[in-house]
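Me: I am new to reading protein models. Could you walk me through this one with short questions and answers?

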Amino acid sequence: MKHGKHSWIFNNNEVYIKGTATVSGPKEKAGPLGQTFDYSYEDLYCDGKTWEQAEQNILNKSINMCIDKSKIREDAIDLIISGDLLNQTVASNYTARNYESSFLGVFGACSTSMQTLAMGASLVDSGNCNYVLASTSSHYSTAERQFRYPTEYGGQKPDTATSTVTGAGSALISKEHSSIQVEGATIGKVIDFGADDPLDMGSAMAPAAADTIVQHLKDFNRTPEDYDLILTGDLSSVGTPIVKKLAYQSGYDIENVHRDCGLMVYHSNQNIFAGGSGCAASAIVTYGQVIQQLKAGELNKVLVVATGALLSPTIVQQKETIPCIAHGVVLKRVSTS
């Protein structure tokens, strides 16, 4: 049901997360959240012969592990919704060949984790689906050569650059009661503040993140203090202070509850410049540590705002500015009794 101007609340059928799974690369495993991932590969090839095969393997692994952890039959899944950063979302499309479920491929850049989760929750809430699997992936070497330069090129990067997270995350959404409820979502709008540097995504995405956070709080008539955590996707050390300032200028102080997934995945000495980025940044943090903390009662209500820059290499070369978007989903801990 529509809630406010840009939000949905899921109250036709209560919507829950039945299970999640996270898969990472070796660099992410070595980071501060390494022990929260379900599986980690030892090298970037991830049992594939090419980088694109590697990303497919990561995504496929996360989907299979999510199904196993959810304790349901694969053929019970009505729909898989997935997206990635590659042209024609090939990682998701090619992975979907392995399953008999209906499939929707989507592109929201690095906002895809919450885009797929919001879409899946809406379909379960409407009664059109009983089980929806929402997933996304990214890989350092596939994304870097598509949006910047092949890693073999060895091009120099500024301090504002980010490092694409190698990983995948999947969540199974259903009406079956569990301890994690998907309460609602705020669907962002495309915002272009005139940024034109593809090596500074934090500055480009921060206005979209702030707009979605502020709109969400207005639509739900809430304050930042109503949340234990407001989590953004990959604003990095550059975009994080900007989103806090923009939210404050709109009357909302998120300083004490905000964290950014891109700053949580890696240690500062892992040569990641301004932080982590990519679809997997928000996916592996949310479906890993955050879900675990919600289940343990360490968190009770979380707003996850995944952020994405909607650019392509061609349009950047044409000196266009970079439009961005952010989608937010509310996860809350509920009693299972």
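The turns below cover aromatic pairs, unusual backbone angles and one helix packing.

Me: What kind of model is this, and how are residues numbered?
Reply: This is a predicted model, where local features need pLDDT of at least 70, side-chain atom pairs count only at pLDDT 80 or more, and totals for chains, interfaces and linings use all residues. Side-chain values use heavy atoms, without hydrogens and water, and residues are numbered along each chain as its sequence is written, from 1.

Me: How many aromatic pairs are there?
Reply: Rings of Phe, Tyr and Trp (its six-membered ring) pair if their centres lie within 6.5 Å. By this rule the count is 2 aromatic pairs.

Me: Which kind of pair do Tyr39 and Tyr41 form?
Reply: Planes under 30 degrees apart count as stacked, over 60 as edge-to-face and the rest as tilted. The ring centres of Tyr39 and Tyr41 are 5.1 Å apart, and their planes stand at 80 degrees, so the pair is edge-to-face.

Me: Is Tyr41 buried or exposed?
Reply: Buried means under 20% relative accessible area, exposed over 50%, and partly exposed in between (1.4 Å probe, protein chains only). Tyr41 has 8% relative accessibility, so Tyr41 is buried.

Me: Which residue lies over the face of Tyr39?
Reply: A charge sits over a ring if NZ of Lys or CZ of Arg is within 6 Å of the ring centre and within 35 degrees of the ring normal. At 4.3 Å from the ring centre of Tyr39, the residue is Lys61.

Me: What is the relative accessible area of Trp51?
Reply: Trp51 forms a stacked pair with Tyr45, at 4.2 Å centre to centre and 20 degrees between the planes. Tyr45 is partly exposed, at 40%. Trp51 is buried, and its relative accessible area is 12%.

Me: What is phi of Cys46?
Reply: Most residues other than glycine have a negative phi. Cys46 is buried, at 1% relative accessibility. Its phi is positive, near 45 degrees.

Me: How do α2 and α5 lie relative to each other?
Reply: Helices (H or I, at least four residues) are DSSP runs, numbered from the N terminus. Axes are lines fitted to C-alpha atoms, for helices over the stretch in contact, and angles run from 0 to 180 degrees between N-to-C directions. The axes of α2 and α5 are 8 Å apart, at an angle of about 130 degrees. Under 35 degrees is roughly parallel, over 145 roughly antiparallel, 65 to 115 roughly perpendicular and the rest oblique, so α2 and α5 are oblique.

Technical notes:
Helix = DSSP H or I, 4+ residues; strand = E, 2+ residues; numbered from the N terminus.
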